[in-house]
Each structure stands twice: as C-alpha cells, then as structure tokens.
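Me: I would like to take a close look at one part of this model, the place where its chains meet. Please go through it slowly, and then set it beside some other parts of the structure.

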Amino acid sequence: MAAPMLRWVGRGRRWTFAQVDGGSCHRREAPTGFTSNRIRGQSSVAQQPLYTTQKPRKGEHKWAAVVGLEIHAQISSNSKLFSGSQVRFSAPPNSLVSFFDASLPGTLPVLNRRCVEAAVMTGLALNCHINKKSLFDRKHYFYADLPAGYQITQQRLPIAVNGSLTYGICAGKKQSQVIPKTVRIKQIQLEQDSGKSLHDDLRSQTLIDLNRAGVGLLEVVLEPDLSCGEEAATAVRELQLILQALGTSQANMAEGQLRVDANISVHHPGEPLGVRTEVKNLNSIRFLAKAIDYEIQRQINELENGGEILNETRSFHYQLGCTMSMRDKEGKQDYRFMPEPNLPPLVLYDATSLPADADPQQVINIDQIRETLPELPSVTRERLVQQYGMLLEHSFTLLNEVGLLEFFQNVIKETRAEPKKVTSWVLNTFLGYLKQQNLAVSESPVTPSALAELLDLLDSRTISSAAAKQVFEEMWKREGKTPGQIVSEKQLELMEDRGALEQLCHSMMEAHPQVVMDLKEGNPRAINKLIGLVRKATQNRADPAMIKEILEKKLSS
Amino acid sequence: MWSRLVWLGLRAPLGGRQGFTSKADPQGSGRITAQVIEHLERLALVDFGSREAVARLEKAIAFADRLRAVDTDGVEPMESVLEDRCLYLRSDNVVEGNCADELLQNSHRVVEEYFVAPPGNISLPKRDEQEPFPHS
C-alpha cells in the first residue's frame, strides 16, 4: 500500500507544498494525477480535513487524523540557562562545559536573564498569557548525556500558557488563495538541553559531549488541532519565522536548534480519539510532513486490517520514508517530578506591579518587553501588501525564502522602477533562476544593485522587456559585467532613430505585399506578422508598440 | 550500594506528564510489595539489597505518614522553603567553561576528550532473572 508521498516539486532548496494523491487532507479537485507543472501544485480546501483509504471498503468510513506537536527551540543567548558557559554550535568536545553543566557536587543553578526575556517575548508574540509566577521542576530519567540524572524544566506552572499560532495554507485554483488557520498553544516552558551522545557500535560504547548540556530551550507545546503533514509543516515554518524575527532562536532545524516531536492518532469523526504514537527524529520541515503523513496512513491501514495501534515511540527513517518502532519495552516512563529545591519561583512584573525601588537588572517588566517586540512575519506581510501592492501569496513567498525579502528591499531602495515590476522580476525571473540551479539567495550571482540597474534601464525605456531578459541571463554568468556593459556590448539598446525604423517598416511592407493585401482586406491580425518581421530585422531592439504605430500610420496613408 | 551499573536505554517520554504522587503506597498498609521495590530500583537505580533496607524504607514512609495527622484543609501548600526569596537573574555573559582537561579527569574512561559511557539500551534485568532475595 503506497504511503501518500508529498512530492518535492522544483529542485529548489525550499520545500514547497505539492500534494500528490488522495492521502492529503486538503482535497484536490482533480483526483488523479498531478496536473500543475508550476512550483505549487493544485489543491482545494475541503470542508473538513478528511482522509479516505486507498481502497474504499463497503460504507467507505472516513478517517480523521489528530496531530499534536512538541517543539523545542534552542534559545539564542551567549551563555547557558543556568550557568555561565558559552552557547556555540561547534567547539572542541567538552570545552563549553562548566562544573554545573557536568553536574559536579556543590554546584547550583543560576538563571540567565536573557533566557527569561526570550521566553516572555515568544509568549507575547504567540498571544499567550504570561504567568507572573512560574516554577521550576526536576524531571528524572537516566541517560549518559544527562549527567545530573534529571532535567530542570517547568512542568507544574510554565512561564506562558494558552496562546495561538496562525499560519496560512495555500489553496484555491492556482494556489493563490491563502486560507488562515490557527493552532492553539498549550504552553511555553523553559528547560535545559541535554548533552550529545555519539554511538560507537563498533566498540560498543557511547561518547559523550556535554557542550550542549544546559543550553536553554523553549518548549512550545501545541494542542492537537493539526490534521495532516502539510498543516504541521506550515505551522512549524511560521513558528520558525516568528522566532527568527524575534531573535529568540535561530530555529535552524539542520543545526538542531529546532526539534519537533509529533503525537499522531486517527479516529472516525464523532468517535473517541484513537491511541497515539509519538514520532521522533524529524530534522527538517520536509521530513516532518512526510513522516506525519506516513504515520497517519500506517495507522489507518493497520486499523482497517483489524490490527491495533500501540502507544509507542517511533523514529522516522528518511532514507526509507517510513516510521519504525523504537522497540520500547519499558512501558510508560515515570519521571518522578519534584519542585527544583534550588530555585525560588520566577516572578515577572508589569507596569502596574513593578516595585518602585527595584534594581532594573533584577526585574523583568512584561509591558516593556511587549513595547519593544520587533515586527512579526504576519505584520510584515500585511505591510508588503499595503506598501507595494503585491498579492498576499507573493508576500508569503518573499518571507518563506531565506534572504529573499532583504534582496527585494535592497532592489527597491536602489531602483526607480515601479514596485510591481520589482516584485514580478524578483519572484518570477530571479527566484526562477535560483530554483533551477538549486541556489540560495546568498549564492546568487546577481546582486540587488545589479538588478536595480537593469530595472532602471528597462524603466527608462533604454531596452525592451525581451532584451532585459537576455541581459539578465548574461548577468547570471558571473562574468562581472554590469547590465550597462552587457547592453552596449550586445547592442541591445532600443532603436532611438525613428527615421531608420520607418525606413525598415517601409521596406518590410514592400517585401511582403501579400501580407499588406491581407491587412487591407480587413484581417487585422496580419499586422502582428509584420510587427514580428520588423522586430526580427531589428534584432529585438525596437519597441513593438512603436513598430505597430508606424505600420498603422503607413497603412492608413 | 551500586551492585551493578546499568543504563536504561530509552529516554523517550511516552504519554502525558505525571503528577507528583506517581506510585503512592496503598494508604497505611505499611507493606511494600515486590512490585514497588522493583519499580523503585528501576527508577532510581538503587539496590535494595537486603530485607533490612526494605524495612528501613517502610519505617521512613511511616514516619512521613505522620504528616497526615495535620489538618491542612484550606491551606495553600508551599512550593518550597525558598518561595519567599528573590530569584537572582544573571547577566548573559560567558564566564565559565574551557576546563575540559579538569572535567575529563573525573571520568574512568576517556576517548579524545569525550566521556565514554556504555552504549544505551542495556535494560535492567527483570526481578525473576536476578539472584533471588528473601522476601516475605
């Protein structure tokens, strides 16, 4: 039974959402085949996200999937959550470890102010209620990369609760409609990261590097409002953009700064929820969607065949495209939660409750943080639509591609051309070239200034639109020539000389008397043939509108 | 006493969060069952090697049970004895670390600046697989 595969369309680095077969929760209008050859596929939104099985049985029971996510984001800070050792992605093993991180006796946790601010900022950006008092707890379990034998987390009373995350699913005939969806946020809590284990199966040992042990994490727990891989992937992408905009986390999944675990179950609508499994080892947005859809289909197939779902943990194997059980025989884990005895409650203030004589270093004012929140992605998109007259879907594309928004804004700054022209060139031509060669914006051979110069030439009618495309192709070759240089080298300037153009039109008309006859007999479209001939003769250096005007004048005389 | 050092393989949390009284002793029974001992040994990696140890545990529980004699209706429980203190907030500066050599000295085995641990997934043998221990 084929698992529903999300086909990765376009060889660009960015994973785009193209549903292929009936396994998607957003039903397509054409049930068979993948009909679009653009980067985005087609789909339409169903009234309710539902799955049907591959082989409909008698009575075709519909299944609904329920997906909950637990997302861990590494806080972007200089030092760790409870100690003063450095936070850095790569460093010699165990060089970024303090005595506390190594859990040597006699060491105590000291809370990092920056991590608390990051948690409050994130909570506010996600519309959460910030708990003015939150508590720290110990979660006990044994593993070699957790030297203390427990993790300090916030189980009883986390720092933020009851928020929401809004994301947009592209749907409609040409993926041009953006449907807003919301997933509720149960809570956000501060907790410690563990160290890293490297398994050496050959020598039957595990090597432990504690550089990551004690780094601050934000755990964002989403309510199970999601129903398929596409929704989960989109929601996580939006969260990534928000965290990056806030600066609270770099949220790079490839570097392990953002980790997602999914809890998945299926049931018939109206009936109680099914047994859920947890899927781990999801280290890219693309695999996240793939794994969730695979697991949903696996559960459906299992239940349809009379089997049952075990409450277990499964790991996603990306080479095989499937989830496999982690063979857990221990049953439910008992973490023996207890209050962290070395940390008093964390108390936050707002403008009204702030004590007058407080040391500003020692208090955190929620209202002050709220005032200094940077612009969030959803607001940025709205602003782009208002300011530059682009479609909402365009703003999504601009934000989704790393570095593209900055590129776009730099071009706008340096060019006289209309914003709509810039949008079109950046999103169609520029992005198209990038995708074709699988390049990131940062690897582009064309700089914003160069594109701005090209658009200025187009805007001042120095070259035609077709010529501009030619110039762009030359610019992409990295030969270091400016657009101006390419235009003069290839003699692509629009013909200024009206007299010469009139001569050319005249000779064309004389050379093709049948076409002229055609026109005079009342076939207006024959003029296009003439225009085409003249254009070719000028090697695309004449403005087609001017050619048409001259020809019409000649014909009527 | 650690009679053997074993590692629980999986740290994957299954299911929801536990409350604080996870495996409460049946009230006032005073008797700890073999199942509870096994569960505690697995959780805490403590070896209740003898009958005396279990008896000590039972006495400790009985001692703590005396708290129930206090009427706490309508009284808000404390979070900890520190709850009235101020939680100190540290500035986000790097002031520690860079002592790999010192830390690695604590480890029995070291490979190229990594601590060496046994591979995961060695599970604690079941009670009936271990040497039998007198238990009424």
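**Where chain B meets chain A**

Reply: In this predicted model, the contact draws 77 residues from chain A and 54 residues from chain B. Between them, chain B and chain A bury about 6000 Å², and 57% of that area lies on carbon and sulfur atoms. On the side of chain B that touches chain A, several elements each supply at least two residues, namely the helices α1 (34-44) and α3 (100-104) together with the strands β1 (89-90) and β3 (114-117) of chain B. If the residues on this side of chain B are sorted by kind, they divide into 28 nonpolar, 13 polar and 13 charged.

It is worth asking how many salt bridges are counted between chain B and chain A. The count is 0 salt bridges between chain B and chain A, although 21 residue pairs are in polar contact between these chains, with both residues of each pair at pLDDT 80 or more.

The two chains also meet through their strands, since β2 (residues 111-112) of chain A pairs with β1 of chain B in the parallel sense, over 2 bridges. Within this pairing, A:Leu111 stands opposite B:Leu89, which belongs to β1 of chain B.

For a pairing inside one chain, one can turn to an open sheet of 3 strands in chain A, where the order is β6-β5-β16 and the pairing is antiparallel. The edges of this sheet are β6 (150-153) and β16 (338-339) of chain A, and because each has a single partner strand, one side of each is left without a neighbour in the sheet. Strand β5 (residues 137-140) of chain A pairs with β6 of chain A over 4 bridges, in the antiparallel sense, and here A:Arg138 has A:Ile152 in β6 as its bridge partner.

Salt bridges are found elsewhere, for a search of the whole structure gives 24 of them over all chains. In one such salt bridge, the side chains of A:Glu401 and A:Lys435 meet at 2.9 Å, N to O. This pair links distant parts of the chain, 34 residues apart, with A:Glu401 in the loop between α6 (392-400) and α7 (404-414) of chain A and A:Lys435 in helix α8 (residues 419-436) of chain A. As a general point, side chains of opposite charge can pair when their charged atoms come close.

Finally, to place these parts along the chain, chain A is divided into domain 1 (64-339), domain 2 (377-490) and domain 3 (498-556). The C-alpha centres of domain 2 and domain 3 of chain A lie 33 Å apart.

Definitions and conventions
Residues are numbered from 1 along each chain as its sequence is written. Chains are lettered from A and ligands numbered from 1 in the order in which they are written. This is a predicted model: local features need pLDDT of at least 70, side-chain atom pairs count only at pLDDT 80 or more; totals for chains, interfaces and linings use all residues. Side-chain values use heavy atoms; hydrogens and water are left out. Two strands pair if DSSP finds at least two bridges between them. Domain bounds come from an automatic or database domain assignment. Contact means heavy atoms within 4.5 Å. Buried area is the accessible area (1.4 Å probe) that two parts lose on being put together, summed over both. A salt bridge is a side-chain nitrogen of Lys or Arg within 4 Å of a carboxyl oxygen of Asp or Glu. A polar contact is a pair of N or O atoms within 3.5 Å; within protein, one must be able to donate a hydrogen and the other to accept it, and residues adjacent in sequence count only if both atoms are side-chain atoms. Ala, Val, Leu, Ile, Met, Phe, Trp, Tyr, Cys and Pro count as nonpolar, Asp, Glu, Lys and Arg as charged, and the others, Gly among them, as polar.
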